[in-house]
Amino acid sequence: FTALQTTLGLTHSNEVLLVFVSILNCIMQVYWPLFVLIFYIVCPIPHFIAKRISDDTDAASSACRELAYFFTTGIVVSAFGFPIILARVNVIMWGACGLVLAGNAVIFLTILGFFLVFGRGDDFSWEQW
């Protein structure tokens with residue numbers, strides 16, 4: 001398998017897992033954990049903006065990139081904290097919280113893997129898509 005096929009396979013399996021988690025949460029008649037989908041969409045946006053603004057591939061670090069890492073970390077921590085807060089105030093059950101946290105781990109590790117594989121800036125890059 002090539003790296004592209006492996007990454008696409010992981011992405012597809014994560015989508016299936018996300019749908020499975022969403023269906024289980026809906027079976028429990030709790031729709032609040034679905035708001036975590038917003039965090040999945042917003043998570044890579046700071047990185048995309050920083051990549052467009054700063055073209056310093058030679059520099060070890062730039063302020064724009066560091067700010068993007070800071071915002072991305074805040075988004076990821078919020079995505080893990082949101083279901084825990086909902087479970088603590090008894091809006092959702094702890095089982096639904098566990099399912100959402102498991103889905104968060106899988107999705108965010110896939111996003112990290114995507115950027116590690118395709119973010120190198122070589123000929124095989126996501127920027128060409």
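**T72 and its surroundings.** I began by looking up where T72 sits in this predicted model, and I found T72 in helix α4. I then asked myself whether T72 is buried or exposed. With a relative accessible area of 19%, T72 is buried, because the cut-off for that word is under 20%. Following the side chain of T72, I noted that it reaches the backbone oxygen of A68 at 2.8 Å. Leaving aside residues up to four places away in sequence, I listed C43, P46 and H47 as residues that T72 touches.

**The helix around T72.** I next turned to α4 itself, which runs over residues 63–88 and has 26 residues. From its first C-alpha to its last, α4 reaches 37 Å, which is close to the 38 Å expected at 1.5 Å a residue. I did note a bend of about 25° at G81, with the proline P83 following within four residues. Just after α4, I found that N90 takes a positive phi of about 60°.

**What α4 packs against.** I looked for other buried residues in α4, and among them are R65, A68, I75 and L86. The buried residues of α4 pack against α2 (36–42), α3 (45–53) and α5 (94–118).

**The record.** In UniProt, I found an unreviewed entry that lists residues 16–42, 67–86 and 92–118 under "transmembrane region". For residues 67–86, I noted end C-alpha atoms 28 Å apart and a span that is 100% helix and 0% strand. For residues 92–118, the end C-alpha atoms lie 37 Å apart, and I noted 93% helix and 0% strand.

Definitions and conventions:
Residues numbered from 1 in each chain as written. Predicted model: local features only at pLDDT ≥ 70, side-chain atom pairs only at ≥ 80, totals over all residues. Heavy atoms only, no water. Helix = DSSP H or I, 4+ residues; strand = E, 2+ residues; numbered from the N terminus. Expected span 1.5 Å × (residues − 1). Bend = angle between axes of the 7 residues up to and from the residue. Buried < 20%, exposed > 50% of the residue type's maximum accessible area, 1.4 Å probe, protein only. Contact = heavy atoms within 4.5 Å. UniProt positions renumbered as here; feature names shortened; annotations may be inferred. Polar contact = N/O pair within 3.5 Å; in protein donor to acceptor, adjacent residues only side chain to side chain.
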